[in-house]
Amino acid sequence: MNTPFPAKTPKGQRRNKALISAASEIFIQHGFEGTTLDMIIERAGGSRSTLYKNFGDKEGLFAAVIETMIDDIFSDYETTPPAPQTIESVLSFYGARFLLNVIKPQSIGLYRLILGEYNRFPEISQAFFEQGPVRSYRLLTEKLLELPEVKVNEKILLSISSRFLEMLKADVFITTFCVADFQPSDEFITQQISLSVDIIASYIRRISR
């Protein structure tokens, strides 16, 4: 997904950011069908001509909103886990970052928005999967492959990485998604990560022999 007509000037970029920020809140609250361009312009300022020039139409703005939210949630702010780098430390570092990202209110809002608009925008769901979860699976795989003690085929390790990250979400994400105002405790999150790391680290070492 790409913004159809990206702004080139700093002023234009600020205007786009304001439009996307306002649109994100309104799309999450009202869905695509219930959102009007007037609602977005009223909150962000600007004009219809600016919106059409930079995003094409409401569909283009919606795509830009989803892309921005995905980047905000899954961007790699830090690429190197703390030393010493062991299987456990890499799994813990990237696992914790993934889990804490996906249960943020912004993330839950994005999941609900994509699910609600799947029939209208199936290509956006596909893009979300590839740019969000799949990118996280691949990043973890790359970091594990850098460890001398890991002697596993990359394709198999990618499968392990995806299962590890999805395992972390068990008992946390679905409840956060479905139950209003649910917030898992720090203790529960720590236990969830520790248990999953122990299981996957032991398995990787066993098949690395």
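## Rings, helices and a nonpolar core

Tyr-111 is a buried residue, its relative accessible area being 14%. The model it belongs to is a predicted one, and Tyr-111 makes a handy way in, since it is one half of a ring pair.

Searching the whole structure turns up nine aromatic pairs. In one of them, the ring centres of Tyr-111 and Phe-128 are 5.2 Å apart and the planes stand at 90 degrees, so this pair counts as edge-to-face. Tyr-111 sits in helix H6 (residues 105-116) while Phe-128 sits in helix H7 (residues 122-145), so the pair ties together parts that are 17 residues apart in sequence. What about Phe-128, buried or exposed? With a relative accessibility of 8%, Phe-128 is under the 20% cut-off and therefore counts as buried.

The rings of Phe-173 and Phe-177 make another pair, with centres 5.8 Å apart and planes at 35 degrees, so this one is called tilted. Both residues belong to helix H9 (residues 173-178), and because they are four residues apart there, about one helical turn separates them. As a rule, an α-helix has 3.6 residues a turn, so residues three or four places apart point the same way. Phe-173 is buried at 12% relative accessibility, and Phe-177 is buried too, at 17%. Phe-177 also has a charge for company: the charged end of Arg-112 sits over its ring, 5.5 Å from the centre.

Elsewhere, ring pairs join Phe-27, Phe-32, Phe-62 and Phe-121 into a cluster. Here again a charged residue comes into play, with Lys-58 lying over the face of Phe-32 at 4.3 Å from the ring centre. Setting aside neighbours within four places in sequence, the contacts of Phe-27 include Phe-32, Phe-62 and Lys-58, and also Leu-61, Val-65 and Leu-113.

Phe-27 turns up once more in the largest nonpolar core, which has 63 residues. Which members touch the most others? They are Phe-27, Leu-61, Leu-91, Leu-144 and Ile-204. Helix H4 (residues 58-74) supplies the largest share of this core, namely ten residues. In soluble globular proteins, nonpolar side chains tend to be buried together.

H4 itself is mostly covered, with 13 of its 17 residues buried. From first C-alpha to last, H4 reaches 24 Å, close to the 24 Å expected at 1.5 Å a residue. At the start of H4, a side-chain oxygen of Asp-57 comes within 3.2 Å of the backbone nitrogen of Glu-59. Helix H5 (residues 87-102) can be checked in the same manner: its 16 residues should span 22 Å at 1.5 Å a residue, and its end C-alpha atoms are indeed 22 Å apart, which agrees. Since 13 of the 16 residues of H5 are buried, that helix is largely enclosed by the rest of the structure.

Now for the whole chain. The secondary structure amounts to ten helices and zero strands, so to speak an α-α-α-α-α-α-α-α-α-α pattern when read along the sequence. Along its principal axes, the C-alpha trace spans about 65 × 35 × 30 Å. Of the 209 residues in the chain, 46% are buried. Finally, taking contacts between residues at least 6 apart in sequence, 71% join residues at least 24 apart.

Notes:
Residues numbered from 1 in each chain as written. Predicted model: local features only at pLDDT ≥ 70, side-chain atom pairs only at ≥ 80, totals over all residues. Heavy atoms only, no water. Helix = DSSP H or I, 4+ residues; strand = E, 2+ residues; numbered from the N terminus. Expected span 1.5 Å × (residues − 1). Buried < 20%, exposed > 50% of the residue type's maximum accessible area, 1.4 Å probe, protein only. Core = buried A, V, L, I, M, F, W, Y, C linked by side-chain atoms within 4.5 Å. Contact = heavy atoms within 4.5 Å. Polar contact = N/O pair within 3.5 Å; in protein donor to acceptor, adjacent residues only side chain to side chain. Phe/Tyr/Trp six-rings, centres within 6.5 Å; stacked < 30°, edge-to-face > 60°. Lys NZ or Arg CZ within 6 Å of the ring centre and 35° of its normal.
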